[in-house]
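Biologist: Let us work through this model by its internal spaces, its surface and its charged pairs. Short answers, please.

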Amino acid sequence: MSTIGSQPPRYSRGARAAFLALIIVGSLITSIGLGTLLGGTVTALVTAQQGENGFLNSPSTTLSVASYAITSEPIQTAGMTATADGFATLRVQAASLQADQPIFMGIARTSDVNGYLEAVRHSEVASLNSIPGSVVYRVLPGSETPAPPGEQDFWQISIAGTGTQQLIWDSGDGMTADNWTIVIMNEDASPGVDVVANAGLRSDLFAPLAAALIIGGLIGLLIGIALIVVAATSLGRRQPKDTPGSPGVEGTVPERTAPTIVAAYPALLVGHLDPTLSRWLWLFKWFLLIPHLLLLAFLWTAVWIVTVIAWFAILFTGRYPRSLFAFTVGVLRWSWRVSYYGYAALGTDRYPPFTLEKTDYPADFDVDYPEHLSRGLIFVKSWLLAIPHLLIVSAFTAAAYGGWNTYRGGWDLSLIGLLVLIAAIALLFTGRYLPGLFGLVLGINRWIFRVITYVGLLRDEYPPFRLDQGAEEPVTTEHRH
C-alpha cells in the first residue's frame with residue numbers, strides 16, 4: 001500500500017513517546033482496576049453466600065479420635081483488638097455422635113492450652129476436609145488424665161452440654177494479638193471424642209469491602225480506558241491514510257478501462273529477506289527483543305480495549321472508527337516487525353523501530369480501511385465463523401510459537417517454530433537462509449495475520465484457505481468497465 005496524496009501531520013518523536021507512555025499508564029490502571037473489580041465481585045459473592053445468621057459456613061465434618069481432646073492449629077489474631085467489634089465473628093458448632101454424651105468446647109490462648117494438655121494424649125487437626133475419613137490429625141503423646149475442662153479458668157469463651165453446641169467468638173470479645181486454640185472434649189474429660197462439627201465466619205466488613213472494591217475497580221477501569229482511548233485515537237489520527245486507486249487498494253482509477261492491482265486479501269503482509277544474515281545473532285535476539293515485548297504487552301492490552309469499543313461502534317454505525325483502526329493496524333505492524341526480526345521468521349538482522357508508523361523496514365503490514373462493516377457479522381465472526389481458521393492457526397503456532405507442554409512435561413515446537421529452528425541451524429552452519437523455507441515461513445505468518453485481521457473486526461472478508469508463500473502478497477490485475 002502506498003501513502004500518496006495528502007497525509008496528516010506527524011507527531012514529533014517526543015509526542016509519540018508521551019502517547020505511548022499514556023497507553024502504558026492506562027494499561028496498568030486498567031489492569032489494576034480489573035483486578036480490583038474481580039476481587040470486589042468475589043467478595044460480593046462470598047457475602048451473598050453467608051447463610052443463616054449471616055455466617056459463611058464450612059461443610060459438616062466428622063471428627064473422631066481415641067485421645068482425650070481435639071484441638072485446632074494455633075489461630076493468629078495479630079492486629080485484632082477488643083475495639084474491633086464486628087471485624088470478624090467465628091462460630092463453631094459441634095454435636096456428639098454418642099447419644100446423651102455432653103461435650104465441651106472452648107477457646108483459649110495456645111500457651112494455656114499447651115500447659116493444660118502438656119502431658120495428655122490429644123489430637124491436633126492438621127488437615128481438614130469434608131470427605132469422610134480424610135481428616136489428618138497430628139497426635140501428641142501423653143500418659144496423664146486431664147482434669148475436666150469446665151473446671152479450668154483460662155478459657156476465653158466456653159460452652160458445654162448435650163446436643164448441638166454453638167461457640168461464637170467475636171473479635172471484640174477480648175481478642176488480643178496472640179495465638180489462640182479451639183478445644184473440643186467430652187465434658188467429663190473421658191477419652192474417645194466423636195463429634196460432627198462445622199465452622200462459620202461472619203464479618204460486617206464483607207459488604208462494604210465488596211462495594212468499595214467494585215466502585216474502585218470501576219473507577220480505575222474508566223480512567224484507564226479513557227487514557228488508552230485518548231492515546232490510541234491521537235496516535236491513530238496521525239497515521240497515513242491510503243488513497244483510493246493506490247496499489248493494493250480497491251477504489252477509483254483515472255480511467256475506466258485501466259487495470260487495477262487487487263491483493264488476494266485486504267490485509268497485506270510483506271517481508272524481504274536480508275541478503276546477508278549473521279550466523280549467530282539469532283542466539284541472542286530473545287534478549288534484544290525484551291524492550292519490544294514489554295511495550296507490546298501494554299499495546300496489546302490497549303488493542304483489546306479498542307476492539308471492544310470498535311465492536312459497539314460497528315454495531316451502531318457500521319464503521320470502525322478510523323483513528324482506532326489505524327492504531328490497531330499500527331500495533332499489528334509493530335508486532336510483525338518484531339516477529340520478523342525474531343523467532344517467527346528470522347528474516348532480518350536490522351533492529352525493529354519503536355513506532356506504529358510505516359517505515360522502510362524490510363517487514364511491513366497494512367490493512368485496507370473498510371468504509372462499511374456488517375453489523376450482524378460482529379456477533380459471530382470472531383468466534384463461530386473463525387473456528388476453522390483458529391484450529392489451523394493453532395496447529396501452525398501451538399501455543400504462541402511453541403511452549404511448555406504441561407501434560408507431557410516438555411517443550412513443544414510448533415510448525416512455524418520447527419521451520420524457523422531449521423532455518424536458524426542452516427544459518428549457523430552455512431550462513432544462508434533456505435529460500436524455499438523462507439517462502440513457507442512467510443506464507444504461514446501471512447495466514448496468521450489474515451486471521452487476526454478478521455477476528456479483530458478489521459475486515460469482513462473471510463480469509464482464504466490458502467498458503468500464499470513468498471515475500472510479497474500475491475496480486476491480480478483486473479479491468480473494470
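Biologist: How many nonpolar, polar and charged residues are in the lining of the second largest cavity?

Modeller: This is a predicted model: local features need pLDDT of at least 70, side-chain atom pairs count only at pLDDT 80 or more, and totals for chains, interfaces and linings use all residues. Residues are numbered from 1 along each chain as its sequence is written, and side-chain values use heavy atoms, with hydrogens and water left out. Ala, Val, Leu, Ile, Met, Phe, Trp, Tyr, Cys and Pro count as nonpolar, Asp, Glu, Lys and Arg as charged, and the others, Gly among them, as polar. By class, this lining has six nonpolar, no polar and no charged residues.

Biologist: Which element gives the largest share of the lining of the second largest cavity?

Modeller: The lining is Leu-20, Ile-24, Leu-295, Phe-298, Leu-299 and Trp-334. Two elements give two or more residues each, helix H1 (13–49) and helix H5 (290–317); helices (H or I, at least four residues) and strands (E, at least two) are DSSP runs, numbered from the N terminus. The largest share, three residues, comes from H5.

Biologist: What is the volume of the second largest cavity?

Modeller: On a 1 Å grid over the protein atoms alone, a cavity is a set of points where a 1.4 Å probe fits but cannot get out, and lining residues have an atom within 4 Å of a point. Points are joined across faces, edges and corners, and a volume is the space filled by probe spheres set on them. The structure holds two cavities of 30 Å³ or more. The second largest has about 30 Å³.

Biologist: And how much space lies in the largest cavity?

Modeller: Leu-277, Ser-278, Leu-281, Trp-282, Lys-285, Leu-346, Asp-349 and Leu-427 line the largest cavity. By class, they are five nonpolar, one polar and two charged residues. The space is about 40 Å³.

Biologist: Which residues are the closest to the centre of the second largest pocket?

Modeller: A pocket is an open set of grid points with protein on both sides within 12 Å along at least five of seven lines. This one holds about 430 Å³ of space. Among the 19 residues of its lining, the closest to the centre are Ser-72, Val-92, Leu-128, Ile-182 and Ala-199.

Biologist: Is Leu-434 buried, partly exposed or exposed?

Modeller: Leu-434 sits in the loop between helix H8 (415–430) and helix H9 (435–455). Buried means under 20% relative accessible area, exposed over 50%, and partly exposed in between (1.4 Å probe, protein chains only). At 36% relative accessible area, Leu-434 is partly exposed.

Biologist: What accessible area does the nonpolar patch with Leu-434 have together?

Modeller: Patches use residues with over 30% relative accessible area and no salt bridge, joining like charges within 9 Å and nonpolar side chains (Val, Leu, Ile, Met, Phe, Trp, Tyr) within 5 Å. Areas come from the Shrake-Rupley method with a 1.4 Å probe, and for residues only the protein chains shown count as cover. Members of this surface patch include Trp-280, Phe-284, Ile-422, Phe-429 and Leu-434. Together they and the other members have about 1,000 Å².

Biologist: How far apart are the closest N and O atoms of Asp-366 and Arg-333?

Modeller: A salt bridge is a side-chain nitrogen of Lys or Arg within 4 Å of a carboxyl oxygen of Asp or Glu. Asp-366 is buried at 7% relative accessibility, and Arg-333 is buried at 3%. Their salt bridge has its closest N and O atoms apart by 3.2 Å.

Biologist: Which residue forms a salt bridge with Asp-460?

Modeller: The closest N and O atoms of this pair are 2.7 Å apart. The partner is buried, with 1% relative accessible area. It is Lys-381.

Biologist: Which residues are joined into one network by salt bridges that share partners?

Modeller: Glu-473 and Arg-450 meet in a salt bridge at 3.1 Å, N to O. Glu-473 lies in the loop between H9 and S18 and Arg-450 in helix H9, so the pair ties together parts 23 residues apart in sequence. Glu-473 is buried at 8%, as is Arg-450 at 2%. The network joins Arg-446, Arg-450, Arg-466, Asp-468 and Glu-473.
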